[in-house]
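Reader: I should be grateful for a close look at one helix and its surroundings. Could the account begin where that helix ends and then work outwards to the chain as a whole?

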Amino acid sequence: MKITVVVPTYNLGSYVKAILGNLKEQTVDFEAWLVDDGSTDGTAETLADFARGIPMFHVEQLPHKGVSVARNFGIEHATGDGIAFVDGDDMIKPTFVETLAEGLDQDAVMSAVGYDWRRRSVDRARESHHAIVLDQKSMFRQASNHGTEVGGYIWNKAFSSTALQAIDLTFDTSLHIAEDYLFTATFIAKTPGRYVYIPEVLYTKRNRPDSTIHTVNRAQEPGVFQQIYALEDLIK
């Protein structure tokens with residue numbers, strides 16, 4: 001099971017160096033698309049210097065059009081059996097890619113791992129490498145509500161490429177917030193099958209003061225979640 005990791009970046013400064021180091025430490029081979037969203041601070045140059053000489057690592061700099069455009073570019077060019085998304089200012093453990101691949105290898109359409117974030121209290125007693133299997137409806141409820149253990153974020157998950165292609169799913173480029181929740185919820189609502197969650201904490205969300213989540217206008221969010229809740233009707 002080969003994984004493609006898509007990493008969007010935009011003016012990340014020194015933050016990007018941590019994830020680049022983490023990618024280099026992964027315990028299995030994988031493909032990476034490092035897609036820069038028109039940075040002006042040297043981030044794209046940092047990516048290019050890092051990826052030089054690594055055959056499976058690709059760098060692309062796009063005009064500044066937003067994170068969803070960058071992620072969609074990664075989806076379009078990915079060749080892996082599964083696609084994972086990692087934010088360029090976050091951190092992953094060395095077994096992140098391997099564990100997501102193991103989850104998909106269990107005949108799953110999506111796999112997820114545990115994550116750590118200042119906004120979330122991690123139950124260390126539940127942290128385990130033992131896989132938990134969820135059905136479509138159970139995973140949808142995890143992904144469509146705030147504060148759940150698995151969450152609706154995309155960055156602790158890997159999606160089957162075949163399943164993504166079957167429903168022709170990409171990110172909604174008109175959204176500036178909750179686009180990840182809508183992507184994940186749409187995938188689950190339209191994709192019957194087996195879902196695997198491994199509670200081992202392998203992803204760390206870093207709180208960057210000028211990140212989108214801290215600066216974006218949240219006016220779109222209620223409407224997005226109304227779309228998400230309506231998707232549950234698609235699940236038989």
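Author: Helix α2 is followed by G53, and the phi of G53 is positive, near 90 degrees. The model is a predicted one.

Helix α2 itself covers residues 43–51, and its buried residues are T43, A44, L47, F50 and A51. These residues cover an arc of only 125 degrees around the axis, and therefore they lie on the same side of α2. Their packing partners are β1, α1 (residues 16–24), β2 and β3.

Helix α3, residues 67–77, may be considered next. Buried in α3 are S68, A70, R71, N72, F73, G74 and I75. The cover over these residues includes β1 (3–9), β2 (31–36) and β3 (57–61), together with β4 (82–85) and α7 (179–190). Strands β1, β2 and β3 thus appear in the surroundings of α2 and also among the elements that cover α3.

The setting of these helices is a chain with 9 helices and 9 strands. Its radius of gyration is 17 Å, close to the 18 Å that the globule rule gives for 236 residues, so the chain is as compact as a globular protein of that length. Of the 236 residues, 53% are buried. Among contacts with a separation of 6 or more, 84% join residues 24 or more positions apart.

The accessible surface amounts to about 10500 Å², and carbon and sulfur atoms account for 49% of that area. The chain carries 22 positive and 32 negative side chains, with the centres of the two sets 4 Å apart.

How values were computed: Residues numbered from 1 in each chain as written. Predicted model: local features only at pLDDT ≥ 70, side-chain atom pairs only at ≥ 80, totals over all residues. Heavy atoms only, no water. Helix = DSSP H or I, 4+ residues; strand = E, 2+ residues; numbered from the N terminus. Rg over C-alpha atoms; globule rule 2.2 N^0.38 Å. Buried < 20%, exposed > 50% of the residue type's maximum accessible area, 1.4 Å probe, protein only. Contact = heavy atoms within 4.5 Å. Areas by Shrake-Rupley, 256 points an atom, 1.4 Å probe, with all protein chains shown as cover. Lys, Arg positive; Asp, Glu negative; His and termini not counted. Charge placed at Lys NZ, Arg CZ, Asp CG, Glu CD. Arc of directions from axis to C-beta.
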